[in-house]
Amino acid sequence: MSPAYDSREKYERWHVRTCVRCCRHAAKAANWSDGPICRNCLDKATRTYGPCPGCDAERLLPGRDGAGAPICRDCAGITRDFFCDRCRFEGRLLGKRLCEGCTLTDRLRALLDDGTGRIHPPLIPLFDQLRTMQHPALGLGWLRSPQPQALLSDLASGRLELTHEAFQQLPHWRSAAYLRDLLMQSGVLPRKDRQLLLFERWLDTHLAAVTDVEQARLLRRFATWHQLRKLRAKAAKAPLGISPTKMARQQQTQALAFLTWLDRRGTALNHTRQTDLDLWQSENYSTRRSSHTFLTWCMKIGSMPVLTIHYRKSAAQTPMGQHHRINAIQRLLTEESIPLPARIAGLLVLLYAQPVTRILRLRTSDIATDGGTTTIRLGDPPTPVPEPLARILHDYVANRPHMDSATNPGSCWLFPGHRAGEPLHQSTLLSFLHKLGIPPQRGRTSAIRHLALQIPAPVLAQALGYHHTSTTRIAAEAGSPWSGYAAGAHDQSPHTAETPPEYRPLE
């Protein structure tokens, strides 16, 4: 028998046991009054809090009584002490018998030391935000990665400037963007639109890879004078979503593809003919459609002849069947096993015909209760929310996810995300809906058509935040009996009626 095998056998004989709580055969992490427990059960036990059934004390409940209910260490007869030697917090202890909060504080002090034994003064707001997070284990997990450690140390020592421009040049862009979001949220860096910053970084990388100098110069002009100008104007009014910058990336990618395609054909941009443009569009129209903006811009500035860009109308998706929609609504209202974010998002799609992009921009302030009536502000005035959706919505607002880290203390978003100050990522919410068998686009189309049959199009537009021309067209397609209903006030005479308000356009 080899020494390695003999050593393993001895280890298993003395350390591997069957956990009394999960019945898993694993290494023994503790041996308490109810028997040996594994590391996973030890971690769970040292994070369980509540009133003890034995003594009614509100404290840590690591033990188990005869019925398996959590009880405190005194009632369970556990001799192990769980109080932090520094702050006396009762919970999971790490090295030097310190709790996770004190361990995180010490780790941050070491990383943010400016070389004088104190925290770099401009970074004190970041230090306070991180050390007071609800679950310090999340912060400790983040600091185990070498990239955050290096970034924090460089900021504290002055090797990395506290500017947006310096962060744009960093190699590990995901780690840099995450830390930059925290710095903006804590007030260390001035606030700028996150999606705009990410697009500017992507643009620099994209243009740096273009080998042809003339092509790179033209693409940068297009980005500077058309794309960035529009994105910055939009960001000045409201935070950018994912869609505008995603479309800008596609426009840049297809613009480069068009210039490369022309170069392979031996055709200069200013000598492009109609046959060239028609051939470019006919080969892969759905993908190359994103180049239309660039082509139009080139014609406008005189870089290419004025030609005709042919447009094809996209085939409309078949609406979700009404029977399927009703069954999905009933399931979302009744099945408590479905995560609350997915239930709320699905119901907003199937009942209120809301696009995912607009759902993600909802804030908790858009939910209001007045005299027992709950409303949600999708348009103006707010729309009533019936039971049981109102109850589910209030339960969700009181227990929103991702609120226990340093990224979202007091987040205003109805669907807070993992990034500081940002809502949930669009792909995450779409994944929730697809797993439930809810097609967002088809479900929204079915909902708006059903509502258009019951409510006049102008009223529907005002309530749900659509443009009245969109709801009027949808109502006509659905055969609504309200097709002759005119927009505007109907309780006044024609001579005293006010001008109809502006309607928010469909996003």
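Modeller: Before we start, pLDDT is the predictor's confidence in each residue, from 0 to 100. It applies here because this is a predicted model.

Biologist: Happy to have that! Over which residues near the start of the numbering, and which later ones, does pLDDT stay under 50?

Modeller: The chain as a whole averages a pLDDT of 84, and 89% of the residues score at least 70. Where pLDDT is low, the predicted coordinates should not be read in detail. One stretch under 50 has five contacts beyond four places in sequence, and that is residues 9-14. The other has 25 such contacts, and that is residues 492-507.

Biologist: Good to know. How many helices and strands does the chain have?

Modeller: There are 507 residues to place, and 43% of them count as buried. Among contacts with a separation of 6 or more, 54% are between residues 24 or more positions apart. The elements in this chain come to 23 helices and 10 strands.

Biologist: Let's turn to the aromatics. Is the pair of tyrosine 49 and phenylalanine 89 stacked, edge-to-face or tilted?

Modeller: A search of the whole structure gives 11 aromatic pairs. In this one the ring centres are 6.0 Å apart. The planes meet at 40°, and stacked would need under 30 degrees while edge-to-face would need over 60. The pair is therefore tilted.

Biologist: And how many residues apart are those two partners?

Modeller: Tyrosine 49 is in strand E4 (residues 49-51), while phenylalanine 89 is in the loop between helix H3 (73-76) and helix H4 (100-111). Both are partly exposed, tyrosine 49 at 40% relative accessibility and phenylalanine 89 at 41%. The pair links distant parts of the chain, with a separation of 40 residues.

Biologist: Phenylalanine 258 and tryptophan 261 also form a pair; about how much of helix H12 separates them?

Modeller: Their rings are 6.3 Å centre to centre with 20° between the planes, which counts as stacked, and both residues are buried. They are three residues apart in helix H12 (residues 242-264), so the separation is about one helical turn.

Biologist: Which ring does arginine 363 lie over, and which one does arginine 358 lie over?

Modeller: Arginine 363 is 4.4 Å from the ring centre of its partner, and that partner is tryptophan 413. For arginine 358 the distance to the ring centre is 5.2 Å, and the ring is that of tyrosine 466.

Biologist: Now helix H19. Where around the helix do its buried residues sit?

Modeller: The buried residues of H19 (residues 389-398) are Leu389, Ala390, Ile392, Leu393 and Tyr396. Their cover includes helix H16 (322-334), helix H17 (340-352) and strand E8 (367-370). The buried residues span an arc of only 160° around the axis, so they are on the same side of H19.

Biologist: Which prolines follow a cis peptide bond?

Modeller: Most residues other than glycine have a negative phi, and most peptide bonds are trans. The bond from aspartate 380 is cis with omega near 10°, and its proline is in the loop between E9 and E10. Another cis bond starts at glutamate 387, with omega about 0°. The two residues are proline 381 and proline 388.

Biologist: One last item: is alanine 353 buried or exposed?

Modeller: Alanine 353 has a positive phi near 55° and is in the loop between H17 and helix H18 (356-359). Its relative accessible area is 0%, and the cut-off is under 20%, so alanine 353 is buried.

Terms used
Residues numbered from 1 in each chain as written. Predicted model: local features only at pLDDT ≥ 70, side-chain atom pairs only at ≥ 80, totals over all residues. Heavy atoms only, no water. Phe/Tyr/Trp six-rings, centres within 6.5 Å; stacked < 30°, edge-to-face > 60°. Helix = DSSP H or I, 4+ residues; strand = E, 2+ residues; numbered from the N terminus. Buried < 20%, exposed > 50% of the residue type's maximum accessible area, 1.4 Å probe, protein only. Lys NZ or Arg CZ within 6 Å of the ring centre and 35° of its normal. Contact = heavy atoms within 4.5 Å. Arc of directions from axis to C-beta.
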